[in-house]
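Please work through the exercises below with the sequence and the coordinates at hand. Each task is followed by a stepwise solution.

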Amino acid sequence: MSKFLRAGLRGLTAYTPGEQPQDKKYIKLNTNESPYPPGPQVLAAIREGELAELRLYPDPRMQRLKKALAAAFNRDFGLALGVENVFLSNGSDDILNFAFAAFAAEGGRVLYPEISYGFYEVYAEYHKAAAATAPLDPDFRIDTAPFLEKGYALKILANPNAPTGIALPLAEVEAIAASDLDAVFLVDEAYVDFGAESAAGLLDRFENLLICRTFSKSSSLAGARLGYALGSVELIADLALIQYSTNPYSVNRMSEAVGLAVLAEPEYYKENARRIMATREQTAQDLRELGLRVLPSGANFLFAGGDGLADPGGKAVYEALKERGVLVRYFGKPRLANWLRISIGTPEEMAVLIRELKDILGKA
């Protein structure tokens, strides 16, 4: 770092994204992308609509996409959302950043699980929030008791959690929302479409509830960088204040066009999610047959390892798989040292993973 970086940032530990190596062709099971391409209407939208308009700035209000998102959730959850209840951003990470800035910066108390999405810790440090963590039990399930306590400005819960994949039932999420109406409760639902219960149906009852979602996973648009939040008019206005104070054009024209196209063919993406869930269950069975412990997952990935990876160790297995052209995610923290997070690819890709693991573990 340079001598010009201000002192308050010199100790900041940045988020480490999943590897995107370019040295050879890999089976990528490390960043929870969809193994299936976007649907036909997305491809048509790119070809036909927006390329000629890239010379123009996008609509900073993104009214068309907000209206379509509100209509989709009103249909699916019996809500009455309007465009003022929807926030759009350059990926859901932006929403998390804005939430910390709006609700917990400069000493605001924030709570999130001790093992969860790594950006929570980064944003807490960056915004100088007073961070606390809720423990996970030996089975990696979140202890929700701290989430029921009062005195926090912001509570964040990834549901399903990452990297474990374990989802809380809706009743427990509702209890947290109701426990302190003076705390913003952000539910990060990046993976909810793979078998977990969304809290979106609670939005008409809790003005403190903020739902954060993304087009990256179940909508096959990780490269489009498109995220959204749903919440009360006041919470959405708070996020917009931060966005319009930094970059009001954070969602580009192409991303809006493909987001609209996704919403126009929901069954295509629901079927992809069903395929991924079926592959996930088969892969979990295969991993258990290799002696690995596999946590129950409501996401498009599995968290696997435990004693089954103790010899030769999680890092050694990760490195051996990478050498053989299969990328998985290794975190390396003490409690996670013998665990790997494995994104769900196509059945053919998962068959390669299992074959290579058998050989690495000496069980071929």
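The exercises treat a predicted model and concern its salt bridges, sheet pairing, backbone geometry and surface patches.

**Exercise 1. Salt bridges**

Task: Determine how many salt bridges the structure holds, and describe how D139 is paired with R293.

Solution.
Step 1. The general principle is that side chains of opposite charge can pair when their charged atoms come close.
Step 2. The structure holds 17 salt bridges. One of them joins D139 to R293, with the closest N and O atoms 2.9 Å apart, which satisfies the 4 Å limit for such a pair.
Step 3. D139 is located in the loop between strand 4 (130-134) and strand 5 (154-158), whereas R293 belongs to strand 9 (residues 293-294); the pair therefore ties together parts that are 154 residues apart in sequence.
Step 4. Because its relative accessibility is 42%, D139 counts as partly exposed. R293, at 32%, also counts as partly exposed.

**Exercise 2. Two further pairs and a network**

Task: Establish whether E189 and R213 are buried or exposed, and then assign R280 and E281 to their accessibility classes.

Solution.
Step 1. E189 and R213 form a salt bridge with an N to O distance of 3.3 Å.
Step 2. E189 lies in the loop between strand 6 (184-188) and strand 7 (209-214), and R213 lies in strand 7, so this pair ties together parts that are 24 residues apart in sequence.
Step 3. Both E189 and R213 are buried.
Step 4. For the salt bridge between R280 and E281, the closest N and O atoms are 2.7 Å apart. R280 is buried because its relative accessible area is 6%, and the threshold for that class is under 20%. E281, by contrast, counts as partly exposed at 42% relative accessibility.
Step 5. Beyond these pairs, a network of salt bridges links E267, K270, E271 and R274.

**Exercise 3. The sheet that contains strand 9**

Task: Derive the strand order of the open sheet of three strands, and state which strands stand at the edges.

Solution.
Step 1. Strands of a sheet pair through backbone hydrogen bonds, either parallel or antiparallel.
Step 2. Strand 9 pairs with strand 10 (residues 301-305) in the antiparallel sense over two bridges; within this pairing, the bridge partner of R293 is G305.
Step 3. Strand 10 also pairs with strand 12 in the antiparallel sense, here over five bridges, and G305 stands opposite W339.
Step 4. The resulting order is 9-10-12, with antiparallel pairing. Strand 9 and strand 12 (339-343) are the edges; each has a single partner strand, so one side of each is left without a neighbour in the sheet.
Step 5. As for burial, five of the five residues of strand 12 are buried. W339, R341 and S343 point one way from strand 12, while L340 and I342 point the other way. This agrees with a general rule: in a regular strand the side chains alternate between the two faces of the sheet.

**Exercise 4. A parallel pair**

Task: State in which sense strand 3 and strand 4 run, parallel or antiparallel.

Solution.
Step 1. Strand 3 and strand 4 run parallel and are joined by five bridges.
Step 2. In this pair, L111 stands opposite A132 in strand 4.
Step 3. Strand 3 (residues 109-113) is mostly covered, with four of its five residues buried.

**Exercise 5. Backbone geometry**

Task: Locate the cis peptide bond that involves P160 and the one that involves P163, then examine the phi of M62 and of F140.

Solution.
Step 1. Most residues other than glycine have a negative phi, and most peptide bonds are trans.
Step 2. The bond joining N159 and P160 is cis, with omega about 0 degrees. The bond from A162 to P163 is also cis, with omega near 10 degrees.
Step 3. P160 is in the loop between strand 5 and helix 5 (170-179), and P163 is found in that loop too.
Step 4. M62 has a positive phi of about 50 degrees and is placed in the loop between helix 1 and helix 2. M62 counts as buried because its relative accessibility is 2%.
Step 5. F140 has a positive phi of about 70 degrees and lies in the loop between strand 4 and strand 5. With a relative accessible area of 3%, F140 is buried.

**Exercise 6. Surface patches**

Task: Identify which residues form the nonpolar patch and which form the negative one.

Solution.
Step 1. The nonpolar surface patch consists of I46, L51 and L54, with about 260 Å² of accessible area together. L54 is partly exposed, with a relative accessible area of 47%.
Step 2. The negative patch is formed by D182, E207, E234 and D238. E234, in helix 6 (residues 233-244), counts as exposed at 52% relative accessibility.

Key. Residues are numbered from 1 along each chain as its sequence is written. This is a predicted model: local features need pLDDT of at least 70, side-chain atom pairs count only at pLDDT 80 or more; totals for chains, interfaces and linings use all residues. Side-chain values use heavy atoms; hydrogens and water are left out. Patches are made of residues with over 30% relative accessible area and no salt bridge: like charges are joined within 9 Å, nonpolar side chains (Val, Leu, Ile, Met, Phe, Trp, Tyr) within 5 Å. Accessible areas come from the Shrake-Rupley method with a 1.4 Å probe; for residues, only the protein chains shown count as cover. A salt bridge is a side-chain nitrogen of Lys or Arg within 4 Å of a carboxyl oxygen of Asp or Glu. Buried means under 20% relative accessible area, exposed over 50%, partly exposed in between (1.4 Å probe, protein chains only). Lys and Arg count as positive and Asp and Glu as negative; His and the chain ends are not counted. The place of a charge is taken as NZ of Lys, CZ of Arg, CG of Asp or CD of Glu. Two strands pair if DSSP finds at least two bridges between them.
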